[in-house]
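Student: Could you take me through this structure slowly, with the terms explained as we meet them?
Tutor: Gladly; here it is, and we shall begin with a term that we need.

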Amino acid sequence: MSNKLPALTVVGSINLDLIATAQRLPTAGETIGEAVLSEQPGGKGANQAAAAARLGGSARMIGAVGNDAHGQLMLDALAGAGVHISDVAVLRDATGTALIVVDRDGENQIVVCPGANSHLSLEGVEFGPDETVLCQLEVGLPVVLEAARKAQGFFVLNAAPAMDLSAELLERCDLVIVNESEYALIPALEDAKLVAVTYGGDGSVMFEYGRKVAEAPSASVTVANTIGAGDAFCAALVLALQHGLDNGRALAVANAVGGDAVGDPASQPELAQLSHYLERTAAAIGTR
(Lines give C-alpha, C1' and ligand atoms only; values in the text may rest on other atoms or scores of the structure.)
Protein backbone atom coordinates (compact mmCIF):
# COMPACT_ATOMS: atom_id res chain seq x y z
CA MET A 1 0.00 0.00 0.00
CA SER A 2 1.24 3.51 -0.78
CA ASN A 3 1.81 6.15 1.89
CA LYS A 4 -1.43 7.85 0.86
CA LEU A 5 -4.35 6.76 3.03
CA PRO A 6 -7.12 4.86 1.25
CA ALA A 7 -10.36 6.84 1.01
CA LEU A 8 -12.00 4.48 3.48
CA THR A 9 -11.26 1.31 5.45
CA VAL A 10 -14.12 -1.18 5.65
CA VAL A 11 -14.39 -3.99 8.20
CA GLY A 12 -17.13 -6.36 7.14
CA SER A 13 -18.64 -9.18 5.17
CA ILE A 14 -17.67 -10.60 1.80
CA ASN A 15 -20.26 -12.80 0.09
CA LEU A 16 -21.05 -14.44 -3.19
CA ASP A 17 -24.53 -13.25 -4.20
CA LEU A 18 -26.66 -15.90 -5.91
CA ILE A 19 -29.49 -13.85 -7.39
CA ALA A 20 -32.71 -15.21 -8.88
CA THR A 21 -34.59 -12.49 -10.75
CA ALA A 22 -38.31 -13.28 -11.03
CA GLN A 23 -41.51 -11.44 -11.91
CA ARG A 24 -42.50 -11.37 -8.24
CA LEU A 25 -41.37 -12.63 -4.85
CA PRO A 26 -42.75 -16.02 -3.73
CA THR A 27 -45.07 -16.35 -0.77
CA ALA A 28 -44.50 -19.01 1.94
CA GLY A 29 -44.55 -22.49 0.40
CA GLU A 30 -44.85 -21.18 -3.14
CA THR A 31 -42.66 -22.14 -6.11
CA ILE A 32 -42.10 -19.59 -8.86
CA GLY A 33 -40.63 -20.51 -12.22
CA GLU A 34 -39.06 -18.68 -15.17
CA ALA A 35 -36.48 -16.86 -13.03
CA VAL A 36 -33.00 -15.89 -14.23
CA LEU A 37 -29.98 -16.84 -12.10
CA SER A 38 -26.82 -14.76 -11.78
CA GLU A 39 -23.71 -14.83 -9.57
CA GLN A 40 -22.20 -11.57 -8.35
CA PRO A 41 -19.67 -10.41 -5.79
CA GLY A 42 -21.49 -9.05 -2.73
CA GLY A 43 -21.64 -8.75 1.04
CA LYS A 44 -22.30 -5.42 2.75
CA GLY A 45 -18.65 -4.91 3.60
CA ALA A 46 -17.33 -5.72 0.15
CA ASN A 47 -20.06 -3.66 -1.52
CA GLN A 48 -19.15 -0.62 0.59
CA ALA A 49 -15.43 -1.06 -0.02
CA ALA A 50 -15.93 -1.38 -3.78
CA ALA A 51 -18.14 1.73 -3.82
CA ALA A 52 -15.61 3.69 -1.75
CA ALA A 53 -12.79 2.69 -4.06
CA ARG A 54 -14.71 3.70 -7.17
CA LEU A 55 -15.75 7.00 -5.62
CA GLY A 56 -12.50 7.87 -3.90
CA GLY A 57 -9.79 6.06 -5.79
CA SER A 58 -8.98 3.39 -3.22
CA ALA A 59 -10.27 1.56 -0.17
CA ARG A 60 -8.95 -0.98 2.33
CA MET A 61 -10.96 -4.14 3.02
CA ILE A 62 -10.69 -6.14 6.24
CA GLY A 63 -12.71 -9.34 5.98
CA ALA A 64 -12.54 -13.07 5.29
CA VAL A 65 -13.25 -15.44 2.41
CA GLY A 66 -12.94 -19.18 2.01
CA ASN A 67 -10.07 -21.01 0.37
CA ASP A 68 -12.28 -21.86 -2.60
CA ALA A 69 -13.07 -20.68 -6.12
CA HIS A 70 -15.76 -18.30 -4.91
CA GLY A 71 -13.33 -16.69 -2.49
CA GLN A 72 -10.85 -16.04 -5.28
CA LEU A 73 -13.62 -14.50 -7.40
CA MET A 74 -14.52 -12.16 -4.55
CA LEU A 75 -10.88 -11.11 -4.09
CA ASP A 76 -10.47 -10.50 -7.83
CA ALA A 77 -13.62 -8.34 -7.89
CA LEU A 78 -12.45 -6.22 -4.96
CA ALA A 79 -8.98 -5.75 -6.40
CA GLY A 80 -10.49 -4.87 -9.77
CA ALA A 81 -12.53 -2.11 -8.13
CA GLY A 82 -9.41 -0.60 -6.57
CA VAL A 83 -9.67 -2.14 -3.09
CA HIS A 84 -6.54 -3.09 -1.12
CA ILE A 85 -7.09 -6.75 -0.18
CA SER A 86 -3.93 -7.63 1.77
CA ASP A 87 -5.97 -7.67 5.01
CA VAL A 88 -8.58 -10.11 3.71
CA ALA A 89 -8.01 -13.48 5.39
CA VAL A 90 -8.37 -16.68 3.37
CA LEU A 91 -9.80 -19.35 5.68
CA ARG A 92 -10.67 -23.03 5.47
CA ASP A 93 -14.38 -22.23 5.84
CA ALA A 94 -16.55 -21.74 2.76
CA THR A 95 -16.92 -18.24 1.36
CA GLY A 96 -20.06 -16.52 2.62
CA THR A 97 -23.08 -16.78 0.34
CA ALA A 98 -26.28 -14.76 0.03
CA LEU A 99 -29.33 -16.34 -1.60
CA ILE A 100 -31.37 -13.52 -3.10
CA VAL A 101 -34.67 -13.30 -4.95
CA VAL A 102 -35.35 -10.02 -6.77
CA ASP A 103 -38.68 -9.05 -8.36
CA ARG A 104 -39.33 -6.85 -11.42
CA ASP A 105 -39.55 -3.75 -9.20
CA GLY A 106 -36.16 -4.37 -7.59
CA GLU A 107 -37.54 -5.52 -4.23
CA ASN A 108 -35.76 -8.50 -2.71
CA GLN A 109 -35.67 -11.31 -0.16
CA ILE A 110 -32.27 -12.37 1.18
CA VAL A 111 -30.94 -15.32 3.20
CA VAL A 112 -27.28 -15.09 4.21
CA CYS A 113 -25.02 -18.08 4.91
CA PRO A 114 -22.05 -16.33 6.58
CA GLY A 115 -19.36 -19.01 6.17
CA ALA A 116 -15.90 -17.46 6.56
CA ASN A 117 -17.42 -14.14 7.71
CA SER A 118 -18.26 -15.80 11.04
CA HIS A 119 -14.57 -16.39 11.72
CA LEU A 120 -13.17 -12.95 10.93
CA SER A 121 -10.46 -11.94 13.40
CA LEU A 122 -8.87 -8.53 13.88
CA GLU A 123 -5.79 -9.98 15.55
CA GLY A 124 -2.77 -8.13 14.20
CA VAL A 125 -4.90 -5.52 12.40
CA GLU A 126 -3.97 -1.91 13.15
CA PHE A 127 -5.67 1.38 12.32
CA GLY A 128 -3.86 4.67 11.85
CA PRO A 129 -4.83 7.87 13.71
CA ASP A 130 -6.39 9.45 10.61
CA GLU A 131 -7.98 6.30 9.20
CA THR A 132 -11.74 6.40 8.63
CA VAL A 133 -13.34 3.04 9.47
CA LEU A 134 -16.77 1.78 8.37
CA CYS A 135 -18.40 -1.36 9.81
CA GLN A 136 -21.69 -3.21 9.37
CA LEU A 137 -23.22 -6.02 11.43
CA GLU A 138 -22.89 -9.00 9.08
CA VAL A 139 -19.67 -10.11 10.83
CA GLY A 140 -21.04 -10.11 14.38
CA LEU A 141 -21.05 -7.61 17.21
CA PRO A 142 -17.83 -8.78 18.95
CA VAL A 143 -15.73 -8.04 15.85
CA VAL A 144 -17.46 -4.69 15.32
CA LEU A 145 -16.90 -3.71 18.95
CA GLU A 146 -13.24 -4.68 18.68
CA ALA A 147 -12.91 -2.55 15.56
CA ALA A 148 -14.55 0.35 17.39
CA ARG A 149 -12.06 0.01 20.24
CA LYS A 150 -9.06 -0.22 17.89
CA ALA A 151 -10.06 2.54 15.47
CA GLN A 152 -8.51 5.90 16.27
CA GLY A 153 -10.11 8.09 13.61
CA PHE A 154 -13.64 8.72 12.35
CA PHE A 155 -15.72 5.58 13.09
CA VAL A 156 -18.95 4.78 11.25
CA LEU A 157 -21.44 1.96 11.79
CA ASN A 158 -24.00 0.87 9.23
CA ALA A 159 -26.28 -0.84 11.78
CA ALA A 160 -27.56 -3.53 9.42
CA PRO A 161 -28.96 -6.03 9.97
CA ALA A 162 -30.71 -4.37 12.91
CA MET A 163 -29.89 -5.65 16.41
CA ASP A 164 -29.44 -4.30 19.93
CA LEU A 165 -26.29 -2.21 20.26
CA SER A 166 -24.26 -1.70 23.43
CA ALA A 167 -23.86 1.74 24.94
CA GLU A 168 -20.09 1.46 24.48
CA LEU A 169 -20.43 0.85 20.76
CA LEU A 170 -22.94 3.65 20.21
CA GLU A 171 -20.83 6.13 22.17
CA ARG A 172 -17.83 5.34 19.97
CA CYS A 173 -19.75 5.87 16.71
CA ASP A 174 -19.14 9.25 15.10
CA LEU A 175 -21.93 8.37 12.66
CA VAL A 176 -24.54 5.60 12.41
CA ILE A 177 -26.28 4.88 9.08
CA VAL A 178 -29.57 2.95 8.89
CA ASN A 179 -32.70 2.66 6.80
CA GLU A 180 -36.09 3.60 8.23
CA SER A 181 -36.99 0.08 9.39
CA GLU A 182 -33.63 -0.36 11.14
CA TYR A 183 -34.07 3.03 12.82
CA ALA A 184 -37.43 1.89 14.18
CA LEU A 185 -35.96 -1.42 15.40
CA ILE A 186 -33.08 0.20 17.33
CA PRO A 187 -34.65 2.72 19.78
CA ALA A 188 -31.25 3.61 21.26
CA LEU A 189 -30.40 5.44 18.02
CA GLU A 190 -32.69 8.28 19.11
CA ASP A 191 -29.97 9.27 21.59
CA ALA A 192 -26.97 8.74 19.28
CA LYS A 193 -24.74 11.70 18.43
CA LEU A 194 -25.27 11.53 14.65
CA VAL A 195 -27.56 9.21 12.68
CA ALA A 196 -28.33 9.20 8.95
CA VAL A 197 -31.61 7.50 8.01
CA THR A 198 -32.59 6.56 4.46
CA TYR A 199 -36.24 6.53 3.41
CA GLY A 200 -36.01 5.06 -0.09
CA GLY A 201 -37.87 7.27 -2.53
CA ASP A 202 -38.45 9.85 0.21
CA GLY A 203 -34.78 10.74 0.52
CA SER A 204 -32.65 10.80 3.66
CA VAL A 205 -32.45 12.64 6.97
CA MET A 206 -29.70 13.37 9.50
CA PHE A 207 -30.48 13.36 13.22
CA GLU A 208 -28.25 14.76 15.97
CA TYR A 209 -29.24 13.34 19.37
CA GLY A 210 -32.74 12.70 17.96
CA ARG A 211 -33.18 16.17 16.45
CA LYS A 212 -33.44 16.53 12.68
CA VAL A 213 -30.55 18.69 11.48
CA ALA A 214 -30.56 18.03 7.71
CA GLU A 215 -32.47 16.29 4.94
CA ALA A 216 -32.21 15.76 1.21
CA PRO A 217 -34.68 14.46 -1.40
CA SER A 218 -33.98 11.32 -3.38
CA ALA A 219 -33.24 11.33 -7.09
CA SER A 220 -35.93 10.11 -9.48
CA VAL A 221 -34.60 6.82 -10.86
CA THR A 222 -35.65 3.60 -12.53
CA VAL A 223 -35.05 0.76 -10.08
CA ALA A 224 -33.15 -2.27 -11.37
CA ASN A 225 -31.81 -3.66 -8.09
CA THR A 226 -31.82 -2.26 -4.55
CA ILE A 227 -29.29 -4.73 -3.10
CA GLY A 228 -26.15 -2.57 -3.31
CA ALA A 229 -27.80 0.85 -3.19
CA GLY A 230 -27.69 1.26 0.58
CA ASP A 231 -24.05 0.20 0.61
CA ALA A 232 -23.14 2.74 -2.08
CA PHE A 233 -25.03 5.39 -0.07
CA CYS A 234 -23.01 4.53 3.05
CA ALA A 235 -19.67 4.84 1.29
CA ALA A 236 -20.64 8.06 -0.44
CA LEU A 237 -21.99 9.71 2.71
CA VAL A 238 -18.83 8.99 4.67
CA LEU A 239 -16.57 10.23 1.88
CA ALA A 240 -18.69 13.37 1.40
CA LEU A 241 -18.51 14.20 5.11
CA GLN A 242 -14.77 13.54 5.14
CA HIS A 243 -14.52 15.84 2.12
CA GLY A 244 -15.82 18.65 4.33
CA LEU A 245 -19.40 18.89 3.07
CA ASP A 246 -22.13 19.93 5.50
CA ASN A 247 -24.73 17.32 6.49
CA GLY A 248 -27.38 18.35 3.97
CA ARG A 249 -25.03 18.49 1.00
CA ALA A 250 -23.42 15.19 2.03
CA LEU A 251 -26.86 13.55 2.12
CA ALA A 252 -27.62 14.93 -1.36
CA VAL A 253 -24.38 13.50 -2.75
CA ALA A 254 -25.06 10.11 -1.12
CA ASN A 255 -28.62 10.12 -2.49
CA ALA A 256 -27.27 10.75 -6.00
CA VAL A 257 -24.82 7.86 -5.65
CA GLY A 258 -27.54 5.59 -4.27
CA GLY A 259 -29.75 6.58 -7.19
CA ASP A 260 -27.12 5.49 -9.68
CA ALA A 261 -26.68 2.24 -7.74
CA VAL A 262 -30.36 1.22 -7.87
CA GLY A 263 -30.31 1.72 -11.62
CA ASP A 264 -27.53 -0.86 -11.96
CA PRO A 265 -28.38 -4.58 -11.61
CA ALA A 266 -25.03 -5.32 -9.91
CA SER A 267 -24.54 -5.51 -6.13
CA GLN A 268 -21.24 -3.67 -6.66
CA PRO A 269 -22.26 -1.16 -9.35
CA GLU A 270 -19.97 0.94 -11.46
CA LEU A 271 -19.85 4.48 -10.09
CA ALA A 272 -18.24 7.76 -11.10
CA GLN A 273 -15.64 9.55 -8.98
CA LEU A 274 -16.97 11.52 -6.02
CA SER A 275 -16.14 14.80 -7.81
CA HIS A 276 -18.78 13.96 -10.45
CA TYR A 277 -21.49 13.74 -7.79
CA LEU A 278 -20.25 16.91 -6.09
CA GLU A 279 -20.65 18.77 -9.38
CA ARG A 280 -24.00 17.15 -10.14
CA THR A 281 -25.54 18.03 -6.80
CA ALA A 282 -24.10 21.55 -6.91
CA ALA A 283 -25.76 22.05 -10.29
CA ALA A 284 -29.06 20.73 -8.93
CA ILE A 285 -28.89 23.11 -5.97
CA GLY A 286 -28.11 25.97 -8.32
CA THR A 287 -31.24 25.33 -10.43
CA ARG A 288 -33.68 25.38 -7.51
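Tutor: A disulfide is counted here when a pair of cysteine sulfur atoms lies within 2.5 Å. This is a predicted model, in which local features need pLDDT of at least 70 and side-chain atom pairs count only at pLDDT 80 or more, while totals for chains, interfaces and linings use all residues. Residues are numbered from 1 along each chain as its sequence is written, and side-chain values use heavy atoms, with hydrogens and water left out.

Student: How many disulfides does the structure hold?
Tutor: Take cysteine 135, whose closest cysteine sulfur belongs to cysteine 173 at 8.3 Å, which is too far for a bond. For the structure, the number of disulfides is 0.

Student: Is cysteine 135 buried or exposed?
Tutor: We call a residue buried under 20% relative accessible area, exposed over 50% and partly exposed in between, using a 1.4 Å probe and protein chains only. Cysteine 113, with 38%, is partly exposed. Cysteine 135 has a relative accessibility of 0%, so this residue counts as buried.

Student: Which residues form the aromatic pair, and how is it arranged?
Tutor: Rings of Phe, Tyr and Trp (its six-membered ring) pair if their centres lie within 6.5 Å, and planes under 30 degrees apart count as stacked, over 60 as edge-to-face and the rest as tilted. The structure holds 1 such pair, with 5.4 Å from centre to centre and 10 degrees between the planes, so it is the stacked pair of tyrosine 183 and phenylalanine 207.

Student: Which parts does this pair tie together?
Tutor: Helices (H or I, at least four residues) and strands (E, at least two) are DSSP runs, numbered from the N terminus. Tyrosine 183 is buried at 15%, and phenylalanine 207 is buried at 11%. Because the two residues sit in different elements, the pair ties together parts 24 residues apart in sequence, namely helix 5 (residues 180-185) and strand 13.

Student: Where does glutamate 34 lie, given its positive phi?
Tutor: Most residues other than glycine have a negative phi. Glutamate 34, although not a glycine, has a positive phi of about 60 degrees, and this residue is exposed at 82% relative accessible area. Its place is the loop between strand 2 (15-21) and strand 3 (36-42).

Student: Which residues are joined by a cis peptide bond?
Tutor: Most peptide bonds are trans. In this cis bond, omega is about -5 degrees, and proline 161 is found in the loop between strand 10 (155-158) and helix 4 (167-172). The residues joined are alanine 160 and proline 161.

Student: Where does UniProt place the feature "active site", and with which residues is that residue in contact?
Tutor: UniProt positions are given in the numbering used here, with shortened feature names, and annotations may be inferred rather than shown by experiment. The unreviewed entry places this feature at Asp231, which lies in helix 6 (residues 229-242) and is buried at 2% relative accessibility. Contact means heavy atoms within 4.5 Å. Leaving aside neighbours within four places in sequence, aspartate 231 is in contact with Lys44, Asn47, Gln48 and Asn158.

Student: Which residues does UniProt list for "binding site"?
Tutor: Among them is alanine 261, found in helix 7 (residues 247-262) and buried at 1%. Another is aspartate 264, in the loop between helix 7 and helix 8 (274-286), which is buried at 18%. The list in the unreviewed entry is Asn225, Ile227, Ala261 and Asp264.
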